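Subject: Structure for you, with notes

Hello,

Please find the structure below, followed by my notes on it.

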Amino acid sequence: MADDNAVVDGSAVRVDAGGWGLTWAADDAGCLRQVGLGPEGATAQLGEIPLALFPDAYPTYGGGDALRPPALRITHADGSLTTRLVVEHVSRMVEPGGEHVTMRCRDERFHLHVEHHLRTHPASGVLEQWVEILHEEPGPVRLMSYDSMSPLLLASPDAEVVQFVGGGWADEWRWNEEGLSPGTKSLASFGGVQPHLQAAPMLLLSPSGPGSERSGDSLGCSIQWGGNTRFDLDVRPKGDLAAPSELRLRCGANPLGAEYLLDPGVRFVAPAVAWTWATTGRAEVTRRFHIWTRERVLRDPNRVRPVVANNWEATFFDFDEARILDLIDQSGELGAEVFLLDDGWFGTNHPRDDDTAGLGDWDVDRAKLPNGLAPLADAAAARGLRFGIWVEPEMVNPLSELYVDHPDWVVRDSREPAEHRNQLVLDPLIDEVREFEASVVDRALCDPGISYVKWDANRPITDPGSTQLGPDRQANLWVDQVHATWAVMDEVVRRHPEVELMLCASGGGRTDHATLRRFHEFWTSDNTDPVTRVRMQWACSHFFPAAAMAAHVTRWGGRPIHFGCAVALSGRFGLDLDLLALSSDEWAACRSAVALAKRTQRLVQQGRLVRLVSPMDRADRSRAALACIDPGSDETVLFAYQLEASNRPSPSLMLDWLDPDATYTVTETDLAVAGGAAVTQRSGRELIDGLDWQLTEPETARVWEITPVRG
Ligand code: DGJ
């Protein structure tokens, strides 16, 4: 039901996001002002202060805020550089589980509209916010920058931001905790196809002081965009050094090199930013993001993800039918639930024996697999496993039949495109390419019994350009290719609704809440060194539930297999090991881990996460502990990891969600020890007061399963 009203009269527009919110109002000139933001933001009073003295809700180039960077910069059809918006109309639409508020502004002079969209989800406290732009100017306008939102808040001198800019491949989710300083700090990603390898499109902000897990103001923001993203933190000091600074957080798609030429009558939709403001620390930000991700993002959120055995780290490209059958045998023996055949299974005339050839030729390489995929899928089924397959539909090796037939299908400009991992990016703006990409998945799934797909993308865009775009709008590629790729993914979902999809782009190159809407999970990183993984998964867990975060045991880092198993068990558990090369102790650890996974993955994937001991703690990064709980039953699984040597005692784990009057069965597992589970009964009071865990050796772990004794 829509409720329309005009707000050119200065009345307030209040958005209650669930525990926090914002108030906007138009000043006398019609300019949209931010009157309130934060825990009491939705009830801020307009009072005596003239509205014109409040900050611009969305500063434009040439608008009222001449001294700070704008959120929107447009070159109009007549060449004018300035945009001045006035509020024209507000509509509120009740939706299932929330509300959609639209605030339409128009330029004072040009026939151009900017709409602010705010979609609430009070059950989680996550607000989605974005802008849409459309115009009827006499010719196209050029969008030079187009932030999705630009809230202004006060940041104390010891405010803190956590951002996740890393070094690229195998270095995702680096936890960077830092203060704010005057000026503009940009946190941006590039490359279009796998931008999140360099910078996850998420941010944590503690405006009132150092961030904490369980107390203080904490904001979480996630830009829902499968392309390049940017957070700009504009900090302007106010008053003396001890006074709070003004912080404007502008964020959305990264417009660098992506100035968008927008035709009259066409609607430009900027990415939605999902964000929340908690007053009880990062734990609450996480709780909200997990609820929202489950309810609004993840496919089949209630389906417990299976235990996946992958062959990539075991074989790379070097396998044949017998080798894969052996691995399937062993995976079945261990109790895995899906066998995933990774890269290297295709390419007849250009066999995919390494990454130099074959991409694009999606016929089974009969030299490796003379009988095709069916016997593998059958063998898997016979051992109680589903079968999965790897594809990289968006790419082509020049050494392929596809490229010989369609050299004009690639993303490029007028110079020869650079190769990266010996491959080029197919141009999804070409209709036949989109159909080809969707058909790659159809072909991979043509044998019955294949019900899981890993969708990979292993290079960035380096030579943006498309034959489908005129010379004046080549830069539109950065935006259009994201939508075109999503269209292909949507089509795949439509054609294969039952198939489980893992999202991968050279590891975690596509970990955003928008692309994830088409998938069940993502490959968190190719870096599976368990010590690094504890820290990566810790960072990632602030925004994503473990159900989305694939975590496999490998030999990366040369750590003990039992330790790798314990780490992978706190994500969506799987194995990527040469199972035939395991020692008997390693085999026993893997076997126990799979059994443990079957008992605990429901809780890990769907329970409530409680982070207890941070591996990012400035004073001591040597250990970590976290729990997954079912608040309804108190069932708990608790993980503790000793990552590095430390001479500090481990802090007791206070399990304060338990019932002090109940009795619990506590099963403690050390995967390093065969049959290493010790079962005791403890009172809730005892566990609330603290569970001691003195792990002195690095690369050791414990897992506790805690269940209430009934009766
Ligand atoms: C990159 C992925 O992250 C790996 O897991 C693997 O699938 C390779 N690509 C295959 O080429």
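Of the 711 residues in the chain, 62% are buried. Note that this is a predicted model. The chain exposes about 25,300 Å², and carbon and sulfur atoms account for 50% of that area. Among the contacts with a separation of 6 or more, 69% are between residues 24 or more positions apart.

The chain has 11 helices and 37 strands. Its radius of gyration is 26 Å, close to the 27 Å that the globule rule gives for 711 residues, so the chain is as compact as a globular protein of that length. Along the principal axes, the C-alpha atoms fill a box of roughly 75 × 70 × 45 Å.

The ligand

The ligand is surrounded by 13 residues, and the closest are Asp 342, Asp 343, Lys 454, Asp 456 and Asp 526. By class, this shell consists of 6 charged, 4 nonpolar and 3 polar residues.

Three side chains have polar atoms that can be listed with their distances to an oxygen atom of the ligand:

- Asp 342: an N or O atom of the side chain is 2.7 Å from a ligand oxygen.
- Asp 343: a polar side-chain atom lies 2.7 Å from a ligand oxygen.
- Trp 390: an N or O atom of the side chain is 3.2 Å from a ligand oxygen.

On its own the ligand has 290 Å² of accessible area, and the protein covers 97% of it.

Asn 311 and Phe 316

One of the ligand's closest residues, Asp 342, is also a contact of Asn 311. Asn 311 sits in the loop that runs from strand 22 (308-310) to helix 2 (312-315). Its relative accessibility is 0%, so Asn 311 counts as buried. Leaving aside neighbours within four places in sequence, the contacts of Asn 311 are Phe 316, Phe 319, Ile 324, Leu 327, Phe 339, Leu 340, Leu 341, Asp 342 and Asp 576.

Phe 316, in that list of contacts, belongs to the loop between helix 2 and helix 3. With a relative accessibility of 40%, Phe 316 counts as partly exposed, because the buried class ends at 20% and the exposed class starts over 50%. The phi angle of Phe 316 is near 45 degrees, a positive value in a residue other than glycine.

Another positive phi

Ser 506 is not a glycine either, and its phi is positive at about 50 degrees. The residue is placed in the loop between strand 28 (500-503) and strand 29 (521-523). Ser 506 has a relative accessible area of 8% and is buried.

Gly 335

Gly 335 is in the loop that joins helix 3 (321-334) and strand 23 (338-341). Is Gly 335 buried or exposed? At 16% relative accessibility it counts as buried, because the class takes in values under 20%. Not counting residues up to four places away in sequence, Gly 335 touches Val 594 and Lys 598. Between Gly 335 and Ile 450, which are 115 residues apart in sequence, the C-alpha to C-alpha distance is 18 Å.

Helix 9 and strand 30

How many of the 8 residues of helix 9 are buried? The count is 7 for this helix, residues 561-568, which is mostly covered. The buried ones are Ile 561, Phe 563, Gly 564, Cys 565, Ala 566, Val 567 and Ala 568. Their cover includes helix 8 (530-540), helix 10 (584-606) and four strands: strand 30 (549-553), strand 31 (572-575), strand 34 (636-642) and strand 37 (700-708).

Strand 30, part of that cover, contains Met 549. Met 549 has a relative accessible area of 3% and is buried. Outside its neighbours within four places in sequence, Met 549 is in contact with Phe 522, Thr 524, Gln 537, Cys 540, Ser 541, Gly 571 and Arg 572. One of these contacts, Gln 537, is 12 residues from Met 549 along the chain, and their C-alpha atoms are separated by 7.7 Å.

Regards

How values were computed
Residues are numbered from 1 along each chain as its sequence is written. This is a predicted model: local features need pLDDT of at least 70, side-chain atom pairs count only at pLDDT 80 or more; totals for chains, interfaces and linings use all residues. Side-chain values use heavy atoms; hydrogens and water are left out. A residue is near a molecule or strand if one of its heavy atoms lies within 4 Å of it. A polar contact is a pair of N or O atoms within 3.5 Å; within protein, one must be able to donate a hydrogen and the other to accept it, and residues adjacent in sequence count only if both atoms are side-chain atoms. Accessible areas come from the Shrake-Rupley method with a 1.4 Å probe; for residues, only the protein chains shown count as cover. Ala, Val, Leu, Ile, Met, Phe, Trp, Tyr, Cys and Pro count as nonpolar, Asp, Glu, Lys and Arg as charged, and the others, Gly among them, as polar. Helices (H or I, at least four residues) and strands (E, at least two) are DSSP runs, numbered from the N terminus. The radius of gyration is taken over C-alpha atoms; the globule rule is 2.2 Å times the number of residues to the power 0.38. Buried means under 20% relative accessible area, exposed over 50%, partly exposed in between (1.4 Å probe, protein chains only). Contact means heavy atoms within 4.5 Å.
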